[in-house]
Amino acid sequence: GTGANKEDYVEVVFSHEDSGSSVSKIRKLLLQNRRLTSMIQPFRIASGTGAPSDICMTWLRICTCNKEEAATVLKAKTAVIGKLSERNEAEALALLQDVVRRTLGKYKTTLEEDEKRLKDDGTLSANARVAIRLRMKEKAALQKCLLFKGLLKEERKAD
């Protein structure tokens with residue numbers, strides 16, 4: 001079928017060093033209220049689209065909120081936080097790109113190198129092949145994630 005399987009995602013571990021400002025204490029509390037942490041927080045990225053999960057976007061929005069936006073989050077009774085402002089959405093997406101770039105940088109090989117190895121290396125075991133395919137899937141999803149635009153207003157030119 002054409003519909004992507006809902007379970008088709010890669011899991012990525014995010015972390016964010018907060019500045020230690022007055023708002024960072026509030027952010028920490030807002031994350032804790034949703035059972036999230038700024039350090040070592042795993043999230044799902046859709047394999048097909050590179051779209052981060054709603055909870056991932058919530059985490060990004062909270063990690064970058066200012067005092068006014070924090071007040072909005074505090075009043076919200078939902079686990080998932082939607083777009084707070086254009087400013088916050090832009091900051092959240094910048095943080096997403098930063099985290100994704102750092103994650104991609106941890107891989108020792110590129111997607112192209114993995115593809116070549118699968119094609120050319122006849123000595124690979126079945127397990128090694130599975131591991132390389134999984135790594136390729138992760139990298140492809142992360143590369144798509146770099147292009148994710150969230151809920152930003154896009155200036156689209158007519159085709």
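Begin with the crossing of helices H5 and H6, which in this predicted model is left-handed. Select residues 111–120 for H5 together with 126–145 for H6, and look along the pair: their axes come within 10 Å and cross at roughly 155 degrees. Since angles over 145 degrees count as roughly antiparallel, that crossing makes H5 roughly antiparallel to H6.

Next, show the side chains that make this contact, which are Leu111, Asp114, Glu115, Arg117 and Leu118 on H5, and Arg129, Ile132, Arg133, Arg135, Met136, Lys139, Ala140 and Gln143 on H6. Coloured by class, the contact of H5 with H6 displays five nonpolar, one polar and seven charged residues.

Stay on H5 and ask which of its residues are buried. Leu111, Asp114 and Leu118 are the ones to select, and a view down the axis of H5 shows the buried residues falling within an arc of 60 degrees, so that they line one face of the helix. An α-helix has 3.6 residues a turn, so residues three or four places apart point the same way. Helix H6 is included in what covers the buried residues of H5. Now rotate to the face of H5 that is turned away from its buried side, where the exposed residues Glu112, Lys116 and Lys119 are carried.

Move then to helix H2, residues 54–63, in which eight of the 10 residues are buried, so that H2 is largely enclosed by the rest of the structure. The buried residues to pick out in H2 are Cys56, Met57, Thr58, Trp59, Leu60, Arg61, Ile62 and Cys63. To see what covers them, add the surrounding elements, which include strand E1 (9–14), helix H1, strand E2 (41–46), helix H3 and helix H4 (86–105).

Two of these covering elements, H1 and H3, make the last stop. Select residues 22–33 for H1 and 67–75 for H3, which pack at an angle of about 20 degrees with their axes 10 Å apart; H1 and H3 are therefore roughly parallel to each other, and their crossing is left-handed. On the H1 side the contact is made by Ser22, Val23, Ile26, Leu30 and Asn33, and on the H3 side by Lys67, Ala70, Val73 and Leu74. Coloured by class once again, the contact of H1 with H3 shows six nonpolar, two polar and one charged residues.

Key:
Residues are numbered from 1 along each chain as its sequence is written. This is a predicted model: local features need pLDDT of at least 70, side-chain atom pairs count only at pLDDT 80 or more; totals for chains, interfaces and linings use all residues. Side-chain values use heavy atoms; hydrogens and water are left out. Axes are lines fitted to C-alpha atoms, for helices over the stretch in contact, and angles run from 0 to 180 degrees between N-to-C directions. Helices (H or I, at least four residues) and strands (E, at least two) are DSSP runs, numbered from the N terminus. Angles under 35 degrees count as roughly parallel, over 145 as roughly antiparallel, 65 to 115 as roughly perpendicular and the rest as oblique. A crossing is left-handed if the near helix is turned anticlockwise from the far one by less than a right angle, and right-handed if clockwise. Contact means heavy atoms within 4.5 Å. Ala, Val, Leu, Ile, Met, Phe, Trp, Tyr, Cys and Pro count as nonpolar, Asp, Glu, Lys and Arg as charged, and the others, Gly among them, as polar. Buried means under 20% relative accessible area, exposed over 50%, partly exposed in between (1.4 Å probe, protein chains only). The arc is that of the directions from the helix axis to the C-beta atoms.
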